[in-house]
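User: Could you take me through this structure, please? I have a few short questions.

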Amino acid sequence: MRSSLIPLAVAALLLALPGCKVVKNDTNPGATAATADPIATLVNATFEAKLLPHIAKTALPVADLRAAIATDLTAAGAAHGNRGAGEGAAWAFAVKGEGKVISANLTSRARQAEIDTDGDGVADLTLALGPVIKGTALRDVAPFYVFGDFRDQIEFAQLARALNDKVSPLLVLPEGDIAGKSMTFTGVVPIKSAKDAWVVTATSVTVAR
Amino acid sequence: MNLKRRLLLSAVAVALSGSFTAFAASADTIAIITPSPDNPFFKAEADGAAAKAKELGYEVMTLVHDDDANKQSELFDSAIAAGVKAIILDNAGADASVAAVQKAKDAGIPSFLIDREITATGVAVSQIVSNNYQGAQLGAEEFVKLMGEKGEFAELIGKESDTNAGIRSKGYHDVIDQYPDMKMVASQTANWSQTEAYTVMESMLQANPGIMGVIAGNDTMAMGAYAALEAAGRKDVIVAGFDGSNDVRDSILAGGIKATVLQPAYQQAQMAVEQADKFLKTGSTGVEEKQLMDCVLINADNAAKLETFALAQ
């Protein structure tokens with residue numbers, strides 16, 4: 001299974017180094033791919049090319065996703081989401097929407113905004129805005145990252161962390177207080193039960209001026 | 001005619017299932033090999049496996065390897081000699097255990113691993129492990145939050161031969177090291193031991209009186225550390241553990257230790273026995289060898305629902 005990463009790694013290396021001259025090495029042709037960090041290469045090859053398009057393509061509007069989950073979480077997951085590896089893992093759903101920022105904590109290393117998406121004046125979801133991004137939602141939403149393809153739980157966790165680190169710089173907020181402003185977002189929300197509070201790991205945010 | 005035939009068929013079915021049960025009860029034994037039940041986590045695991053095995057009609061042979069790979073190897077010899085049908089194992093070392101599990105496999109006895117992984121695949125039939133890395137990240141996120149994202153802290157690491165000691169430490173640091181104002185001033189093993197953690201904590205505190213938090217690789221070490229802090233009049237120090245033991249639950253409810261991470265040990269052991277039973281009956285478990293189970297953060301909000309390594313819904 002692990003060998004399935006190597007062609008990807010080679011492809012990604014070639015993509016990642018367009019300005020480099022490829023020097024043929026007859027004595028040990030596999031050396032470059034073998035010594036490269038397989039997770040970094042996988043992430044470089046798939047984050048923009050596959051993961052972000054997958055999230056954009058499968059993201060449901062907040063209200064539609066809420067309704068689907070309220071009806072039947074498992075059915076909603078099978079139709080719109082992807083389940084993380086292992087017993088007890090959450091369903092991860094791509095989601096998009098807009099709402100009013102009720103409050104925000106932008107001094108934490110794990111910035112958060114509380115958003116009201118249904119217009120009742122009360123926050124109904126939390127948007128995680130980095131730079132420290134918690135959890136494994138970005139990894140788990142993608143059906144093409146499969147636990148069995150990785151050496152162990154550490155390597156699989158490194159993938160989640162590497163994806164989180166890739167998203168961090170994409171989350172740019174304006175200076176100053178954003179409370180009261182309107183915000184549009186796309187992201188991923190992990191759900192274990194229909195009663196869960198929503199914490200959406202943002203992949204893109206725009207604050208209205 | 002039709003009715004008669006149906007009756008006859010169900011009579012045969014009853015006879016068959018009856019004879020299977022009788023066969024299982026008289027001859028089939030499942031060996032359960034774990035570390036010492038002195039740690040309630042391992043006791044819960046052994047109890048969970050034994051209860052499920054008996055429920056499914058097996059005899060149970062419970063053995064303890066005390067985290068000694070040589071002793072584990074001898075226990076495998078005994079289990080093989082006793083003609084057990086399957087082995088449920090929480091192993092005594094990720095590398096050292098591969099040979100023992102292979103030995104059983106060569107003797108035609110399938111092994112089902114819980115809690116700890118081994119470094120080879122295709123040797124055991126199942127490896128069901130808690131997602132220790134995910135659990136450690138949960139614990140570290142809570143720890144950082146309780147610390148206000150800043151301050152001096154110490155880490156107590158588990159027994160080096162246990163793969164989970166390293167996995168948890170890596171998971172902790174994966175989160176904590178993203179906060180530049182969190183400063184680790186001491187890091188040392190206490191070998192999963194409560195008494196050792198007490199001693200280590202005493203000397204850490206003497207050398208670093210500014211410590212504001214302690215993150216421990218398991219609950220017994222968290223208990224030891226908290227006892228030392230309490231004795232030194234430092235109940236203000238934030239302590240977090242890992243496992244979800246009843247001891248730490250009680251401490252959380254009393255305002256002592258602040259958080260732990262539950263590994264569903266009891267359920268995990270039961271799953272392993274169910275898979276062993278299915279494998280013995282059908283030749284396949286129907287699932288992948290390596291299976292992860294997610295851990296759950298336990299803090300003051302949900303500690304009351306925790307009992308013997310299981311969380312009430």
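Analyst: The points below cover the nonpolar cores, one sheet and one loop residue.

Analyst: This is a predicted model, in which local features need pLDDT of at least 70, side-chain atom pairs count only at pLDDT 80 or more, and totals for chains, interfaces and linings use all residues. Residues are numbered from 1 along each chain as its sequence is written, chains are lettered from A and ligands numbered from 1 in the order written, and side-chain values use heavy atoms, without hydrogens and water.

User: How many residues does the largest nonpolar core have?

Analyst: It has 52 residues, and A:F93 and A:W198 are among those with the most contacts inside it. A nonpolar core is a set of buried Ala, Val, Leu, Ile, Met, Phe, Trp, Tyr and Cys residues joined through side-chain atoms within 4.5 Å; buried means under 20% relative accessible area, exposed over 50%, and partly exposed in between (1.4 Å probe, protein chains only). A second, separate core of 35 residues includes B:F41 and B:W192.

User: What does A:W198 contact?

Analyst: Leaving aside neighbours within four places in sequence, its contacts (heavy atoms within 4.5 Å) include A:V62, A:R66 and A:D124.

User: Now chain B. Where is B:D236?

Analyst: B:D236 lies in the loop between α8 (219-231) and β9 (238-240) of chain B; helices (H or I, at least four residues) and strands (E, at least two) are DSSP runs, numbered from the N terminus.

User: Is B:D236 buried, exposed or partly exposed?

Analyst: B:D236 is partly exposed, with a relative accessible area of 42%. B:D236 and B:G213 are 23 residues apart in sequence, with their C-alpha atoms 8.7 Å apart.
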